[in-house]
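Subject: Structure for you to look at

Hi,

Here is the structure I promised to pass on. Have a look at it first, then read my notes underneath.

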Amino acid sequence: MNIVFAASECVPFAKTGGLADVVGALPKALAELGHNVTVYLPKYKQTKLKDARVVLPSVTIPFDDQYRFCSVVDGGKLSGVQFYFIDYPAFFDREALYGTPAGDYPDNAERFALYSRAVVEAAKILGAPDIFHCHDWQSALIPVLLRTSYADDPVYRSTATVFTIHNIGYQGIFPPDILPLLMLPWDLFAIDKMEFWGKVNFLKGALMSSDHITTVSRRYAQEIQTPEFGFGLEGVLRGRSGNLTGILNGVDYNEWSPEKDKLTVCQYYPDKLEGKMGCKYDLLRQFAVESPDVNLPVIGIVSRFAAQKGFDLIAEIAGPLARLPVIFTILGSGDHEYQELFLKLARQFPGKFAVKIAYDNVLAHKIEAGADMFLMPSHYEPSGLNQMYSLRYGTVPIVRATGGLDDTVEQWDPETGKGTGFKFTSYTGPALMNAVQQALDAFDNKPKWKQLMVNGMRKDFSWGASAKDYVKVFERLVAPKPGPSSEKVVEFSRA
Ligand code: ADP
Ligand code: GLC
């Protein structure tokens, strides 16, 4: 199959979160299964390319006020996957991908509409796929365009669309007058298309127009069909539940494995865990914890700072947490409010809360390797990758039982010696405290703790199995169907 990925971030070119890890790894896993995979990305300021070559010098993108002309750059092949970049410096040559801590860039609709149209135009010339696999709201206009402006384009007659929701909390919602500006037809402003409480919702457009929808864990596929987690789109998703599949994200173990991690000072594996203590010393040094007691457990956090991640619970019980015999090492950046929260805790409880406000991949690896436990109290978590990395590093996860966290962490049972971590359900400070306390109690019994670590290290969340599940979804869409009724129907609201 020919598969085109369209997404706004991808390791190693641009990253703010787990989407980049997925778009960096899943295409590789699909290529290993014998598929022909191409990835289109925006070319940001932070995108570093060697030997980049312009393949399409001028692609015309119509806007109501003016035409814009972008180019397409060939980024070459990596691990069997072809990369192309949409180059339009006025939109993408900026400090950040989506905005600053003060807020989103005001022209995000135009930026990602240009990107989406450019992908559709470029793929017509560089190779029309069997499947367009689009990710999150930034590429959500692609399935919409294929149902509208490109519905009669013979090039795309047999192209199907799959849309993956990585996080339904981000939808791309804009005022209605964005439709004419982007040269999209007014009839999209309808309840069964892109209209959403008087605004235009890009993500809704993709959910209504894609041939199939996936999301990044089974549990999250159920959750987003409920008012608690659906962010207003639960009804839309219930309407399409027959075409909605949860496929858990995988881990790229070439990047995230303690036995071959080049970013940590020591390496280790289940039968030889001594190196982990070296990583712990290094971590405490990196965070400048003064004369720490290395017998105390270290709890790590690496995160985007956003409401989703559950840090309100930490704020709620910060005092009691600070009195526990633990050291927190916290790395993150994002919403101003949470940056302030953690900086305040670091000032209030020095030696207890060690905090770095930064985006730092090396330090993220050092935390995974050097901490004893990893905390993710998320309010919601579509898949989550860090808990899977933690499991591989023998860094026992403490998580809220939601989305992918619930699907990947098994509650530890000291009686049977089964389980990989600690889970709590109710979204309250005391429930979090209880889970942390259970982890501390378990930490005191060294042989059992070792067993718990090794249980997690032996879990396998590699991409192979999930990539095969995606292939099954793709194959159902491209399989030739008999008779004239198999013609791809183009009216927009078809489920
Ligand atoms: P999300 O995509 O919601 O942010 P995930 O757990 O899926 O959550 O993925 C987060 C990814 O981003 C992981 O690879 C993690 O290591 C990385 N990450 C998040 N914050 C930082 C940071 N401040 N510094 C370095 N890496 C980070
Ligand atoms: C999102 C989710 C996270 C998921 C990632 C990759 O950012 O918040 O849970 O792991 O996408 O799918």
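Strand E15 and strand E18 (residues 373-376) pair in the parallel sense, over two bridges. If you want a spot to find that pairing, go to Gly300, whose bridge partner in E18 is Phe374. Keep in mind as you browse that this is a predicted model.

E15 also pairs with E16, again in the parallel sense, this time over eight bridges. Here you can look for Val302, which has Leu331 as its bridge partner in E16. E15 is mostly covered, too: seven of its eight residues are buried.

That strand leads straight to ligand 1, since E15 (298-305) is among the elements that supply at least two residues each to the shell around it. The others are helix H1 (18-32), strand E16 (327-334), helix H13 (361-370) and helix H14 (386-392). E15 gives the most, with three residues.

Altogether 22 residues sit around ligand 1, and Lys15, Gly18, Arg304, Lys309 and Ala358 come nearest. A few contacts to click on:

- Gly18: one of its polar backbone atoms is 2.6 Å from an oxygen atom of ligand 1.
- Lys15: an N or O atom in its side chain is 2.8 Å from an oxygen atom of ligand 1.
- Asp21: a polar side-chain atom lies 3.2 Å from an oxygen atom of ligand 1.

Taken alone, ligand 1 exposes 560 Å², and the protein buries 94% of that. Its shell is a mix of eight nonpolar, eight polar and six charged residues. Domain 1 (2-250 + 464-486) and domain 2 (275-457) each contribute at least three residues to the shell around ligand 1.

Now for ligand 2. It has 14 residues around it, the closest being His166, Asn249, Gln308, Glu381 and Gly384. Its contacts include these:

- His166: a side-chain N or O atom is 2.6 Å from an oxygen atom of ligand 2.
- Gly384: a backbone N or O atom lies 2.8 Å from an oxygen atom of ligand 2.
- Pro382: a polar backbone atom is 3.5 Å from an oxygen atom of ligand 2.

On its own ligand 2 exposes 310 Å², of which the protein buries 93%. The largest share of its shell, three residues, comes from H1. By class, the shell around ligand 2 has five nonpolar, seven polar and two charged residues.

So where does ligand 2 sit relative to the domains? Domain 1 (2-250 + 464-486) and domain 2 (275-457) both give residues to its shell, so ligand 2 lies between them.

Cheers

Conventions:
Residues numbered from 1 in each chain as written. Chains lettered and ligands numbered in written order. Predicted model: local features only at pLDDT ≥ 70, side-chain atom pairs only at ≥ 80, totals over all residues. Heavy atoms only, no water. Near = heavy atom within 4 Å. Polar contact = N/O pair within 3.5 Å; in protein donor to acceptor, adjacent residues only side chain to side chain. Areas by Shrake-Rupley, 256 points an atom, 1.4 Å probe, with all protein chains shown as cover. Helix = DSSP H or I, 4+ residues; strand = E, 2+ residues; numbered from the N terminus. Nonpolar A, V, L, I, M, F, W, Y, C, P; charged D, E, K, R; others polar. Domains from an automatic or database assignment. Buried < 20%, exposed > 50% of the residue type's maximum accessible area, 1.4 Å probe, protein only. Pairing = 2+ DSSP bridges.
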